[in-house]
Amino acid sequence: MTEKLIPFDPARYLRTPEEITAYLEAVFEDYGHDYRTVIKALGDAARAQGMQKIAKATGLSREGLYKSLSEEGNPSFETVLKVMGALGVKLKPEVIAEDKRPTPQAH
């Protein structure tokens, strides 16, 4: 008998603003340099709370949010802040130790 594995979906475990905050804090801490991972995590949190509910609270379309908050998405900073507000969390700047700061990338 073979077992069927289903992909892990963080949205299944994000029920409260406190759980969402802990999840986003962990993602920012571990992957804060990777904006695609951060945006996907924000999308996970939005899906957990109901994309229609988040769309209504932000004044954005549900379809647009799904697209913006996907791994391939590129939402505006305004959209990110609106979604975070609708989720009941805020962006909180924090000092980064000198030895942990990312090195600037040449363009």
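## Fold and overall build

Helices here are DSSP runs of H or I with at least four residues, strands are DSSP runs of E with at least two, and both are numbered from the N terminus. With that in hand, this chain has 5 helices and 0 strands. Read from the N terminus, the order of elements is α-α-α-α-α. Along the principal axes, the C-alpha atoms fill a box of roughly 45 × 45 × 30 Å.

A word on the model itself: it is predicted, with local features requiring pLDDT of at least 70 and side-chain atom pairs counted only at pLDDT 80 or more, while totals for chains, interfaces and linings use all residues. Residues are numbered from 1 along each chain as its sequence is written, and side-chain values use heavy atoms, with hydrogens and water left out.

## Buried and exposed sides

Of the 107 residues in the chain, 26% are buried (under 20% relative accessible area, against over 50% for exposed and in between for partly exposed; 1.4 Å probe, protein chains only).

Helix 3, which spans residues 51-58, shows how burial is laid out along one element: M51, I54, A55 and T58 are buried there. These residues sit on the same side of helix 3 because they cover an arc of only 100 degrees around its axis, the arc being that of the directions from the helix axis to the C-beta atoms. Q52, K53, K56 and A57 are exposed, and they lie on the face of helix 3 turned away from the buried side.

## Salt bridges around helix 2

A search of the whole structure turns up 6 salt bridges (a side-chain nitrogen of Lys or Arg within 4 Å of a carboxyl oxygen of Asp or Glu). In one of them, R47 pairs with D9, and their closest N and O atoms are 2.8 Å apart. R47 belongs to helix 2 (residues 35-49) and D9 to the segment before helix 1, so this pair ties together parts that are 38 residues apart in sequence. R47 counts as partly exposed because its relative accessibility is 32%, and D9 is partly exposed as well, at 22%.

Another salt bridge joins K40 and D44, with 3.2 Å between the closest N and O atoms. Both residues lie in helix 2, 4 residues apart, or about one turn of the helix. The two partners differ in cover: K40 is partly exposed, with a relative accessible area of 29%, whereas D44 is buried at 3%. G43 is also in helix 2, and its 5% relative accessibility makes it buried.

## Helix 5 and its links

K82 and E78 form a salt bridge as well, at 3.6 Å from N to O. K82 is partly exposed at 34% relative accessibility, while E78 is exposed, with a relative accessible area of 53%. K82 and E78 are 4 residues apart in helix 5, so about one helical turn separates them. Elsewhere, salt bridges that share partners join D9, K40, D44 and R47 into one network.

How far apart in space are G43 and K82? Their C-alpha atoms are 12 Å apart, although 39 residues separate them in sequence. Just ahead of helix 5 (77-87), S76 sits in the loop that follows helix 4 (62-68). S76 is partly exposed, at 37% relative accessibility. From S76 to K56 the C-alpha distance is 17 Å, with their positions 20 residues apart in sequence.

## Surface patches

Patches are built from residues with over 30% relative accessible area and no salt bridge, joining like charges within 9 Å and nonpolar side chains (Val, Leu, Ile, Met, Phe, Trp, Tyr) within 5 Å. Areas come from the Shrake-Rupley method with a 1.4 Å probe; for residues, only the protein chains shown count as cover. F28, F77, L81 and L91 make a nonpolar patch of about 370 Å² on the surface. L81, one of its members, is in helix 5 and is partly exposed, with a relative accessible area of 39%.

Which residues gather in a surface patch of negative charge? They are E25, E29, D30 and E94. Asp and Glu count as negative, Lys and Arg as positive, and His and the chain ends are not counted; each charge is placed at NZ of Lys, CZ of Arg, CG of Asp or CD of Glu. Within this patch, E29 is in helix 1 (residues 17-31) and counts as exposed because its relative accessibility is 69%.
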